[in-house]
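Please work through the exercises below with the sequence and the model side by side, and try each task before reading its solution.

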Amino acid sequence: MAVQVEIWTDINCPFCYLGKRRFEEALAAFPYRDAVRVVHRSFELDPSLPKDHSDAVVPHIAEKYGISEAQAAANERGIGAQAEAMGLPYVTSGRDFGSSFDMHRLLHFALEQGKQEALLDALYAANFAEQQPLFGDAERLVRVAVDAGFEEPAVRAVLEDPEAFADAVRKDEAEAAQLGARGVPFFVLDRKYGVSGAQPPEVFAQALEQAWSDHAPELQIVADADTCGPDGCALPERS
C-alpha cells in the first residue's frame, strides 16, 4: 500500500522552494512516510522565455505586478524572512530569472537515475541561496548537476539534445492544466486530492492522512449471523 504525491514546481518560484520544505516537515512526521512516493513534475511560469534569457528578479517583479522596485525588493525580503524561519538560505537581491525548460529536462533525466530529489535541491540552492546567475548559463547548470552527483558527459548529452526529455516536460505541463493547476507549487495526492500553494505543514499532514485513509477502507460486513458480545449473546428465535 502506497501513496503517490506529485508536486508541480518551477525553479523560478520561491514559494515552490518554501513549499517543498513545509511538505517535507509534514512527511517527516507522517507515520507511514516510508510508503509515500514523491515525484516532482514540470511547470514553467513563463514558457515563452528564450533558452538564453537571464534578467534581474526585482525589476522583473516590479514590472510584472505594476509596483515600484522598492516594493518588489521589500517583497523579496519578506519571502527571505519566511525562508530564514524555516532554516532555508535565501538571497534577497542579485538573483536572476529565466527559462527553466532545460532544468526540467534534467530533472526528468534525474528521475530516471533515481536522484531527482538531489538535483532539485541543488537547483533550488543555486537559484535562491547564491547570487551567481543561474539562468541562461549552460556551464553553470552543468556544474550544479555534477556537484549534485551526476556524470558530466551524461548531463551534457541531455543539454546538447534539445529533444531529450522534452516530451516528458510538455506532458507534465499538459497534465497540470488538465488538473486545474493555475500556479505552483501544486501538490496532487493519488490523483484525488490537490493542495495549492506553500501551505503550512499541518495542511499537508491532513492531506497525507486523508490519502492514506483511502487505502485502508472500513471493513464491510458481507455476512452476518448470531454473535456474542459485551451485552451477551443473541438469543435464538423460538419456533
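The exercises that follow concern a predicted model, and each task is followed by a solution in steps.

**Exercise 1. Helix 2**

Determine which residues of helix 2 are buried, how they are placed around the axis, and what they pack against.

Solution. Begin with the helix itself, which runs over residues 57-65 and in which V57, V58, I61 and A62 are buried. These residues cover an arc of only 135° around the axis, and therefore they lie on the same side of helix 2. Next, look at the face turned away from this buried side, where the exposed residues E63 and K64 are carried. The buried residues of helix 2 pack against strand 3 (55-56), helix 3 (69-85) and strand 4 (96-97). Finally, go past the end of the helix to G66, which follows helix 2 and has a positive phi, near 65°.

**Exercise 2. Helix 6 and its two ends**

Find the buried residues of helix 6, the elements that cover them, and the residue that caps the N-terminal end.

Solution. In helix 6, which spans residues 138-147, the buried residues are R140, L141, V142, V144 and A145. Their cover includes helix 4 (101-113), helix 5 (116-128) and helix 7 (152-160). At the N-terminal end of helix 6 the cap is D137, with a side-chain oxygen 3.2 Å from the backbone nitrogen of E139. Just after helix 6 comes G149, which takes a positive phi of about 110°.

**Exercise 3. An aspartate in helix 4**

Is D102 buried or exposed, and which residues does D102 contact once its neighbours within four places in sequence are left aside?

Solution. First place the residue: D102 is found in helix 4. Its relative accessibility is 14%, and because buried means under 20%, D102 counts as buried. Then turn to its side chain, which is joined to the side chain of R105 by a polar contact of 3.0 Å. With the neighbours within four places in sequence left aside, D102 is in contact with K51, L141 and L159. One of these, L141, has already appeared among the buried residues of helix 6.

**Exercise 4. Two aromatic pairs**

Describe the geometry of the pair F23 and F204 and of the pair Y32 and W212, and state where each ring lies in the chain.

Solution. A pair of aromatic rings is described by the distance of the centres and the angle of the planes. The structure holds 14 aromatic pairs. F23 and F204 form one that is edge-to-face, with 5.7 Å centre to centre and 90° between the planes. F23 lies in helix 1 (residues 14-29) and F204 in helix 9 (residues 201-214), so this pair ties together parts that are 181 residues apart in sequence. Both rings belong to buried residues, F23 at 3% relative accessibility and F204 with a relative accessible area of 2%.

For Y32 and W212, the ring centres are 4.3 Å apart and the planes stand at 10°, so the pair is stacked. Y32 lies in the loop between helix 1 and strand 2 (36-42) while W212 lies in helix 9, so the pair ties together parts that are 180 residues apart in sequence. Here Y32 is partly exposed, with a relative accessible area of 38%, whereas W212 is buried, with 12%.

To complete the aromatic survey, note that Y17, Y90, Y124 and F128 form one aromatic cluster, and that K115 lies over the face of F150, at 4.5 Å from the ring centre.

**Exercise 5. Backbone geometry in the loops**

Identify the loops that hold F165, R191 and P185, and give the backbone feature of each residue.

Solution. F165 lies in the loop between helix 7 and helix 8, and although F165 is not a glycine, its phi is positive, at about 65°. At 21% relative accessibility F165 counts as partly exposed. R191 lies in the loop between strand 5 and strand 6 (193-196), and this residue, also other than glycine, has a positive phi near 55°. R191 is partly exposed as well, with a relative accessible area of 42%. Last, P185 lies in the loop between helix 8 (166-178) and strand 5 (186-189), and the peptide bond from V184 to P185 is cis, with omega near 5°.

Terms used: Residues are numbered from 1 along each chain as its sequence is written. This is a predicted model: local features need pLDDT of at least 70, side-chain atom pairs count only at pLDDT 80 or more; totals for chains, interfaces and linings use all residues. Side-chain values use heavy atoms; hydrogens and water are left out. Buried means under 20% relative accessible area, exposed over 50%, partly exposed in between (1.4 Å probe, protein chains only). Helices (H or I, at least four residues) and strands (E, at least two) are DSSP runs, numbered from the N terminus. Contact means heavy atoms within 4.5 Å. A polar contact is a pair of N or O atoms within 3.5 Å; within protein, one must be able to donate a hydrogen and the other to accept it, and residues adjacent in sequence count only if both atoms are side-chain atoms. The arc is that of the directions from the helix axis to the C-beta atoms. Rings of Phe, Tyr and Trp (its six-membered ring) pair if their centres lie within 6.5 Å; planes under 30 degrees apart count as stacked, over 60 as edge-to-face and the rest as tilted. A charge sits over a ring if NZ of Lys or CZ of Arg is within 6 Å of the ring centre and within 35 degrees of the ring normal.
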